[in-house]
Amino acid sequence: MADQLLIRAYTVGVGDCIYVRIPKARKKGGKVDDFHMLIDCGTKGSAKDLKAALDHLKGELPAEPDKKRLDLLLVSHEHEDHIKGFDPAWFSDIRIENIWMSVAMDRNHPQAKFAHQLHDLAAAAMRNIDARNLALSPELGDVVGRYNISNDKAVEALCNVLPQQNGIPPLYVHADMKPAKLRPKTLSGTTFKVIGPEFDIDTYYLGDTAEDILHGFSVSTGLLGPGDKKRKDSARPLNISASDFQRLKSRMMSSAFAFAEEEGEIVNNTSVMLLIEWRGRRLLFVGDAEWNSAYRERKKNFAWNTAWKLHKAELRKPIDFLKIGHHGSINSTPWNDKEDGEVTEPAAILDAILPRPAGNTKPTAKAIVSTERTYYKVIPRATLLLEIGRRVGNTRKYLAELSDDEIAGLPNYAEHERAWLDRPQPLRTDLETRLTGSGFVDVVIDPVPGF
């Protein structure tokens with residue numbers, strides 16, 4: 001593997017913790033070495049999986065005089081399934097040379113003012129709901145969980161503690177940055193390009209209705225108040241009965257969840273979309289970037305449509321590797337989800353980056369998805385994985401390789417797996433771990449001959 005680029009997806013449930021090693025891409029003081037990257041470190045599940053992944057990663061990193069060296073830490077966006085593992089104590093024995101994050105994570109970014117206000121409103125509303133100890137569905141419980149205090153601590157660690165710990169400023173990245181800004185001082189023979197998010201977060205991802213969204217959220221949650229049972233009826237107007245007031249608050253709570261979902265969508269759409277070009281190969285890491293039907297000027301837009309509109313030159317050429325977004329969610333890899341043959345904008349994007357091979361030609365591109373069906377019944381979306389499986393070469397027919405006991409233990413197998421598991425799918429961390437017993441899945445990329 002000395003001349004191969006390595007992508008290693010650690011098995012952390014519903015989350016991303018991805019190690020990338022670029023061979024002979026680091027030059028310093030005349031010495032040539034491998035360039036080591038970590039992209040995200042989070043999960044919806046137990047943090048112990050992340051700790052195990054980091055402990056294993058440390059064994060892969062080169063030893064400096066007093067610490068291990070990580071050349072670049074890239075954080076796609078600030079949801080817990082991507083940042084939960086950023087405990088400064090876990091990184092105290094790693095020297096990080098570069099820390100990159102989405103520009104949307106910069107709390108002082110003037111073009112993300114409305115996005116940050118929306119986040120603060122959502123966080124306040126969800127924490128108030130959490131304080132009431134209500135019996136919530138798993139789906140609603142997940143929405144509330146996005147705004148817990150531990151997520152704030154991870155963001156603080158990334159924006160302040162880890163940079164201070166390593167004596168470096170964080171770099172908040174966005175599309176159209178000058179190439180020199182995206183070239184770490186030690187990087188050689190490799191190019192990093194960011195095709196999302198755009199610098200102006202509010203304009204592209206909230207659009208001209210940003211103020212209306214904020215006003216609607218503020219009004220919809222105004223009567224929820226803090227979750228203190230002793231004063232839950234104290235704000236009831238005198239001209240409304242207690243039962244009608246509770247129904248009103250229930251409707252407001254539903255509205256609060258809807259706005260929180262919208263805020264979560266915006267965070268996904270401000271994921272860093274990183275294109276790595278190495279020795280003739282093109283690798284795309286997309287965080288949880290989402291797609292919609294089409295780009296609309298000055299409206300709330302989605303990451304893939306925005307990138308297609310503004311950076312089509314980069315996306316209209318095939319890629320050699322795709323980190324499948326959002327753990328295999330239907331709304332993260334652009335495609336025609338109706339599967340009716342219509343050439344939609346999302347379908348055109350997929351055909352450009354991962355074209356179906358002609359005739360009996362075997363596809364050469366590769367892909368991987370870091371996933372686990374436990375938390376969301378429809379993630380990963382099996383039909384999407386089959387579509388990607390037609391376009392990449394590193395696939396498995398999992399039904400033929402899993403034992404009867406392993407199949408019986410798959411969550412929601414009958415409804416969401418049985419009809420599709422006998423056809424080629426890209427590599428999945430959840431099923432690969434069942435097959436191999438390993439805590440990670442590797443994909444290796446060879447350079448183009450002659451490069």
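A residue counts as buried under 20% relative accessible area, as exposed over 50%, and as partly exposed in between. With that in hand, welcome to this predicted model. Lys299 is a good place to begin: its relative accessible area is 33%, so Lys299 is partly exposed. From there we will visit charged pairs, surface patches, one helix and a few unusual backbone spots.

**Salt bridges**

- Side chains of opposite charge can pair when their charged atoms come close.
- In this model, the count of salt bridges comes to 40.
- One of them links Lys299 with Asp208, where the closest N and O atoms are 3.8 Å apart.
- Lys299 sits in the loop between β11 (281–285) and α9 (303–310), while Asp208 sits in the loop between α6 (201–205) and α7 (210–221), so this pair ties together parts that are 91 residues apart in sequence.
- Asp208, like its partner, is partly exposed: the relative accessibility of Asp208 is 44%, and that of Lys299 is 33%.
- Another salt bridge brings together the side chains of Arg282 and Glu314, at 3.4 Å from N to O.
- Here the pair ties together parts that are 32 residues apart in sequence, because Arg282 belongs to strand β11 and Glu314 to helix α10 (residues 312–315).
- Are Arg282 and Glu314 buried or exposed? Arg282 has a relative accessible area of 9% and is buried; Glu314, at 18%, also counts as buried.
- Asp430 and Arg428 make a further salt bridge, with their closest N and O atoms 2.9 Å apart.
- Both members of this pair are buried, with Asp430 at 4% relative accessibility and Arg428 at 0%.
- Elsewhere, salt bridges with shared partners connect Arg26, Asp33, Glu64, Arg69, Asp71, Arg95 and Glu97 in one network.

**Charged patches on the surface**

- Which residues gather in a patch of negative charge? They are Asp337, Glu339, Asp340 and Glu342.
- To find this patch, look for Asp337 in the loop between β12 (321–323) and α11 (345–353).
- Asp337 has a relative accessibility of 35%, so Asp337 counts as partly exposed.
- There is a positive surface patch too, and Lys309, Lys312, Arg316 and Lys317 form it.
- Arg316 is placed in the loop between α10 and β12.
- With a relative accessible area of 56%, Arg316 is exposed.

**Helix α16 and its surroundings**

- Helix α16 covers residues 429–436, and its buried residues include Thr429, Asp430, Leu431 and Glu432.
- Asp430 is already familiar from its salt bridge with Arg428.
- What do the buried residues of α16 pack against? Among their partners are the strands β1 (5–10), β13 (366–369) and β14 (395–396).
- They also pack against α13 (398–401), β15 (425–428) and β16 (440–445).
- Just after the helix comes Gly437, with a positive phi of about 75°.

**Unusual backbone spots**

- Most residues other than glycine have a negative phi, and most peptide bonds are trans.
- Where are the cis peptide bonds described here? One runs from Gly196 to Pro197, with omega near 5°, and another runs from Ile379 to Pro380, also with omega near 5°.
- Pro197 lies in the loop between β9 (190–196) and α6.
- Pro380 has its place in the loop between β13 and α12 (382–389).
- Asp176, a residue other than glycine, has a positive phi near 70°.
- You can find Asp176 in the loop between β8 (171–173) and β9, and its relative accessible area of 61% makes it exposed.
- Arg279 is another residue other than glycine with a positive phi, in this case near 45°.
- The loop between β10 (273–278) and β11 holds Arg279, and this residue counts as partly exposed at 25% relative accessibility.

Methods: Residues numbered from 1 in each chain as written. Predicted model: local features only at pLDDT ≥ 70, side-chain atom pairs only at ≥ 80, totals over all residues. Heavy atoms only, no water. Patch = residues over 30% accessible without salt bridge, like charges linked within 9 Å, V, L, I, M, F, W, Y side chains within 5 Å. Areas by Shrake-Rupley, 256 points an atom, 1.4 Å probe, with all protein chains shown as cover. Salt bridge = Lys/Arg side-chain N within 4 Å of Asp/Glu carboxyl O. Lys, Arg positive; Asp, Glu negative; His and termini not counted. Charge placed at Lys NZ, Arg CZ, Asp CG, Glu CD. Helix = DSSP H or I, 4+ residues; strand = E, 2+ residues; numbered from the N terminus. Buried < 20%, exposed > 50% of the residue type's maximum accessible area, 1.4 Å probe, protein only. Contact = heavy atoms within 4.5 Å.
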